[in-house]
Amino acid sequence: MLEEARSRWHPIAATHDLQFRHVFHGQLLGREFAVWRADDGYVNIWENRCLHRGVRLSIGINDGRELKCQYHGWRYSNRTAGCTYIPAHPADAPARTITNRTFPAIERYGLVWSSEEPRGEVPDVAALAEGKLLALRGIPVNAPADKVVERLKAYRFQPNAAIGGEGAETIVEAAQDFAVALHSRDGGAETHGVFFVQPVDSNRSVIRGVLDQEAEGAARLAILRHHNERLSKLRDEVEREAASAPAPTPIEPVYERVSAELAEMPEVTTHGRKAALRVSVARKWQTADGIAGFELRPIKGILPTFQPGAHIDVHMPNGEIRQYSITNGPGETDSFIIGVKLERDSKGGSKCMHETVREGDVLAISEPRNNFPLRRDSIKTLFVAGGIGITPLLAMAQALKNQELTHELHYFAQGEEHLAFADRLKYLGDALKPHLGLSPDATGAELRQILADYRNGMHLYICGPGPMLEAARKIAADQGWPDTAVHFEYFKNTNKIDDSSSFEVALARSCVTLQVPAGKTIMQVMRESGIDVPSSCEQGACGTCVATVIEGEPDHQDVYLNDAERKAGTKIMTCVSRAKSARLVLDI
Amino acid sequence: MTKCLDPVILNLWHPIGAIAEAVPGGVQDTVLLEERLSFALNADGEPVVWRSRPDVQGPDRVPAADRLPARSTYGYVWTSLGSPPAELFPIPEYEEPDRRKLNAATFGVNVSAPRAIENFLDMGHFPYVHTDILGVEPHTEVKEYDVEISVDRDEILATRCRFFQPMASTASDGGADVDYVYRVPHPYCSVLYKSSPVDEARRDVIAVFLQPVDQEHVRAHMLLCVLDEDNEDKVIKRFQQTIFGQDKPILENQVPKRLPLDPRAETPIRADKSAIAYRRWLSQKGITYGVIPVAA
Ligand code: FES
Ligand SMILES: [Fe+2]
């Protein structure tokens, strides 16, 4: 029976067990769950085991958006159960595939239901029309579920309205493997009670009773007490009976193995410009002058885990592909929110998003990619945003705000009406510092002030139009910020690409040597010979196509690497950069 | 649970109690690898260990057949259920005359010995489990360090380990990186060297010796061998007990309790290099007790 039980839905908690910011320890058929409700209402039922070192997540911390493991502080996102941050390696974005096992959750009859491999639906109980119900306190019993069900058939109780009485007549209306429906009548008073039996393990169960009428105050307490007393007595009887039989062996839960790549902790591998996801435009609105907000919801299933700083490729109806940063705060995983600025000289990207795309339209997007990861080990983080450059930094600031880490968001814009995502900005409180209507010179002066007091352990993140970004980087460098503390993301590469050189590229791991002629990129040549290269912006701005240089001198033409990285010469953006030496050996 | 059949573990020396806590002539009972043992110091102060039996009440008349190998090393009584090697692993610092040596604590923990060793090797948990003592947010980074399995000494060595510690020295109140070196010279024992707050050139030594009660229970004996002339024993002990008390609830909430040796059972990160080496080392030794071996 327990084998078959795996494919059924069972109650694992009462709705009232999922208190605000609490993590409930659920159990079913030998398996443990960490059950928690995020602030957006979503009920998460996860394997009760951190993927890192097996610590129970039920002793973790529910911050309303993410669940944090107690041992090393790994953070897992609401809904997706994907790991969003690994504090031991603050500079790295965790591989997207570090995702805990989730189980389905349905709330019904005041109970939370789940199943290991659900087939079919949560049982429909005629006696319990949804609405005013009263879920009793769960009664744990050290006995197998079938024995408990047998006893429950003989359970007698008073209807709610005659709770103090004695003479009620209780009849069995229906009985199944894991539930008994009873009806109690005492004169004019009657109550339906359905008693579900949750099989915790081969020899342990929980009785979860639900009555078809609600009650308040003292009456409610009296009813709860009545059932508590009678069910406790029933429990004692079943336990006595069960103790006389040999205890069945406990069920050993089978833990899924982590993927082979994860066991090696590799780099994230994403290939090509693939639009793996279909989303619909749930909402489109003007979030600021010239900026449209888009809320993208999955057509089916749930969206993948994202981290602050991540972007998606949006494939537009007109065939263009553009990158947009996800502005969501942590744990906001039911949709992606992006902001699109209408570019005056738009080549069809932003124009199409503004003018053609409507609510209800379906778009293809890529998985989120994070080439702009946020460190959270900074003693103070400064964000400098110019115009639409706010989008990745907004996601980052919300993450730090949620963890109560010190930060400031300096938002440069032409005027009040140009500040996007007002609701999200408001959430940041005093950390938001708008700087409005400043000339380039005044902006420079302001930046010099903002960036004046560098201390070891601080980090700076900049995103905005090219000239402002250049200015901010220069000011930071002048005022003593080391390259390693300054992180930036360009919207686009405005460098004029010189593709006149020709050279040879050897791919060490693939054992091929290719000739790159003038006019073609390394990426194009690799793809022509059938090598899968991940990419996104394809203009040297986003960092997706990075490759490791083993030998040779790169001719950097991207805007992704910082000066120290360029000098080191160990990384190259294969979509624009080339070789100064006659030969380049890449670790591909 | 069946008793230990793992020959590697059976043939090791295992700690069973602190000498300092033994009263001459007094018999102590304990459990090692699911066997009930008794031990006492004889008139010469030498430890005598035997399989417990109701008719033997003291160290003097233990039948030879029930007697077990015994030694007193690093302040503890050690024994073995098999044929132990002639020597126990070396801790040369123990001989340095100016060091304070004490048994800081003996703690029972409901976890396997290898899980407890991994916890001892792990720096990443300092800000979360030993908050404000051994680490503090946001200083969470585990910087690159080196690990080797030394073949001739048959032990794991992790060097160049550094971790940010608030109030790292008594001299300044700011935090700073503290250096650590870890050794695992025995499957169930580890030795840690940590920058001394009083002498820059030398290191404090803290060792954990785990007594495997069964596959999922240990008694952890913690040896301190430190350069500290000022603090009372009580203070030094209390500090280590606080640290240990913080680890205990985490260790007892690890599932499964035995250490899985399958590399795909859990998700390692670079910070876990020493743990990865440790798991591999246990696998190579063919250890089966206290672990979940890789499925064949
Ligand atoms: S065990 Fe959960 S973060 Fe390490
Ligand atoms: Fe610890």
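In the predicted model, the cover over the buried residues of helix α3 of chain A includes β12 (134-135), β13 (139-141), α2 (145-152), β16 (189-201) and β17 (204-211) of that chain. The residues covered in this way are A:I223, A:H226, A:H227, A:L231, A:S232, A:L234, A:V238 and A:A242. An α-helix has 3.6 residues a turn, so residues three or four places apart point the same way. Helix α3 of chain A runs over residues 217-244, and its 28 residues should span 40 Å at 1.5 Å a residue; the C-alpha atoms at its ends lie 41 Å apart, in agreement with that value.

Chain A as a whole contains eleven helices and 35 strands. Its C-alpha atoms occupy a box of roughly 95 × 55 × 50 Å along the principal axes. Of the 588 residues in chain A, 55% are buried. Among the contacts of chain A with a separation of 6 or more, 65% are between residues 24 or more positions apart.

Two loop residues of chain A were examined for their backbone angles. Most residues other than glycine have a negative phi, and most peptide bonds are trans. A:L29, although not a glycine, has a positive phi of about 50 degrees. A:L29 is located in the loop between β2 (23-28) and β3 (31-37) of chain A, and it counts as buried because its relative accessibility is 2%. A:R79 is likewise a residue other than glycine with a positive phi, here near 75 degrees. The loop between β7 (75-77) and β8 (83-85) of chain A holds A:R79, which counts as buried at 11% relative accessibility. A:R79 also lies over the face of A:Y42, at 4.4 Å from the ring centre. A further arrangement of this kind involves A:R49, whose charged end sits over the ring of A:Y255, 4.4 Å from the centre of that ring.

In chain B, the iron ion (ligand 2) is coordinated by NE2 of B:H125, NE2 of B:H130 and two OD atoms of B:D247, at 2.1 to 2.3 Å. The arrangement is irregular because the four donor atoms subtend angles of 58 to 149 degrees at the iron ion, whereas a tetrahedral assignment would require all angles to lie between 85 and 135 degrees. Along the sequence, the donor residues follow the spacing H-x4-H-x116-D. Distant parts of chain B are thereby linked: B:H125 belongs to the loop between α2 (113-121) and α3 (126-129), and B:D247 to helix α4 (residues 233-251), 122 residues apart. Both of these donors fall under the 20% limit for burial: B:H125 has a relative accessibility of 1% and B:D247 a relative accessible area of 6%.

Aromatic contacts were considered next. Over all chains, the structure holds 27 aromatic pairs. One of them joins B:F126 and B:F163 edge-to-face, with 5.5 Å between the centres and 90 degrees between the planes. B:F126 is part of helix α3 of chain B and B:F163 of strand β10 (residues 155-165), so the pair ties together parts of the chain that are 37 residues apart in sequence. Both B:F126 and B:F163 are buried. Elsewhere in chain B, ring pairs link B:Y74, B:Y76, B:W78, B:F89, B:Y94 and B:F209 into a cluster.

Strand β10 of chain B also takes part in the packing of helix α5, together with α2, β9 (146-150), β11 (176-186), β15 (259-260) and β16 (291-292); these elements pack against the buried residues of the helix. The residues concerned are B:S274, B:A275, B:A277, B:Y278, B:R279, B:W281 and B:L282. Helix α5 of chain B comprises the 13 residues 273-285, for which a span of 18 Å is expected at 1.5 Å a residue; the end C-alpha atoms are 18 Å apart, which agrees. The helix is followed by B:G286, which has a positive phi near 75 degrees.

Cis peptide bonds were also identified in chain B. One joins B:E137 and B:P138, with omega about 5 degrees; B:P138 is situated in the loop between α3 and β9 of chain B. Another joins B:V255 and B:P256, with omega about -10 degrees, and B:P256 is placed in the loop between α4 and β15 of chain B.

Conventions: Residues are numbered from 1 along each chain as its sequence is written. Chains are lettered from A and ligands numbered from 1 in the order in which they are written. This is a predicted model: local features need pLDDT of at least 70, side-chain atom pairs count only at pLDDT 80 or more; totals for chains, interfaces and linings use all residues. Side-chain values use heavy atoms; hydrogens and water are left out. Donors are N, O and S atoms within 2.8 Å of the metal (3.2 Å for Na, K and Ca); water is not among the atoms, so sites may look incomplete. Four donors count as tetrahedral if all angles lie between 85 and 135 degrees; four count as square planar and six as octahedral if opposite donors are over 155 degrees apart and all others between 65 and 115; anything else is irregular. Helices (H or I, at least four residues) and strands (E, at least two) are DSSP runs, numbered from the N terminus. Buried means under 20% relative accessible area, exposed over 50%, partly exposed in between (1.4 Å probe, protein chains only). The expected span of a helix is 1.5 Å times one less than its number of residues. Contact means heavy atoms within 4.5 Å. Rings of Phe, Tyr and Trp (its six-membered ring) pair if their centres lie within 6.5 Å; planes under 30 degrees apart count as stacked, over 60 as edge-to-face and the rest as tilted. A charge sits over a ring if NZ of Lys or CZ of Arg is within 6 Å of the ring centre and within 35 degrees of the ring normal.
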